[in-house]
Amino acid sequence: MNDLAPMLLAAWQTWGATVLVAVAGLAVLLALGRLLGNALGLHLLGIPEALLAGAIGLAVAPTGLVPLVPEPVIALWSELPTALLTLVFACLLLGKPLPNPAGLWRPLSAQVLMALTLAFGQYLVAGLVVLLLLQPWLGVSPLMACLIEVAYEGGHGSAAAMGPIYADLGFPGARPWGWRSPRWGSWRPRW
């Protein structure tokens with residue numbers, strides 16, 4: 001037990017301050033994106049405030065116009081998508097009463113069938129496009145077919161979380177492609 005205190009102190013000195021700066025930095029970026037988005041009326045154009053916060057984050061990144069964010073913070077931010085995605089989906093059902101399992105299938109069956117149709121339809125269309133066009137002509141990885149389903153149904157977070165898995169499977173360029181795919185769906189005017 002006596003060895004625990006020095007170990008915790010050493011851990012705090014090496015990465016504790018970085019964690020605080022990283023979390024505070026994300027909070028400031030999101031707050032700035034929200035304030036500027038509301039002030040400029042970007043929601044009327046269908047542009048999410050998170051996109052503006054990301055643009056501000058790119059501007060203050062170490063390679064940005066005004067490099068304010070240190071490299072250790074960027075390294076920590078690159079590890080967050082998987083944990084944050086898990087947190088978001090884990091919290092979806094908090095505070096909701098659990099329904100009766102016997103009467104659950106009737107109201108949910110249409111939703112389940114619709115989701116399965118969309119998911120398998122996206123796999124089918126993407127698989128055929130990759131198999132018949134992209135792979136023979138451009139030589140892309142067969143895993144490219146999975147990007148549509150992951151990106152459109154899961155969004156940016158799922159695409160970011162799946163990036164290391166695609167890289168382990170031999171498709172390192174999947175993460176940027178996955179990030180680009182759902183962006184087209186979020187850039188639509190909401191009148």
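Leu131 is exposed in this predicted model, because its relative accessibility of 51% lies over the 50% cut-off. If you look for Leu131 along the chain, you will find this residue in helix α5, which covers residues 105-138.

Leu131 also has nonpolar company. A surface patch is formed by Leu124, Val125, Leu128, Val129, Leu131, Leu132, Leu133, Trp137 and Leu138. Together these residues offer about 950 Å² of accessible area. It is worth colouring the patch in your viewer and turning the model until Leu131, one of its members, comes into view.

Now let us go from the surface to the aromatic rings. How many aromatic pairs does the structure hold? There is one. Its partners are Tyr166 and Phe171, which meet edge-to-face, with 6.4 Å from centre to centre and 75° between the planes. The angle counts as edge-to-face because it is over 60 degrees. Are the two partners buried or exposed? Tyr166 is buried, with a relative accessible area of 4%, and Phe171 is buried as well, at 11%. Both residues earn that label because their values fall under 20%.

Finally, a word on the cysteines. A disulfide is a covalent bond that joins the sulfur atoms of two cysteines. Searching the whole structure turns up zero disulfides, so no pair of cysteine sulfur atoms lies within 2.5 Å. Cys91 has a relative accessible area of 36% and is therefore partly exposed. Cys146, with 23% relative accessibility, is partly exposed too.

Terms used
Residues numbered from 1 in each chain as written. Predicted model: local features only at pLDDT ≥ 70, side-chain atom pairs only at ≥ 80, totals over all residues. Heavy atoms only, no water. Buried < 20%, exposed > 50% of the residue type's maximum accessible area, 1.4 Å probe, protein only. Patch = residues over 30% accessible without salt bridge, like charges linked within 9 Å, V, L, I, M, F, W, Y side chains within 5 Å. Areas by Shrake-Rupley, 256 points an atom, 1.4 Å probe, with all protein chains shown as cover. Salt bridge = Lys/Arg side-chain N within 4 Å of Asp/Glu carboxyl O. Helix = DSSP H or I, 4+ residues; strand = E, 2+ residues; numbered from the N terminus. Phe/Tyr/Trp six-rings, centres within 6.5 Å; stacked < 30°, edge-to-face > 60°.
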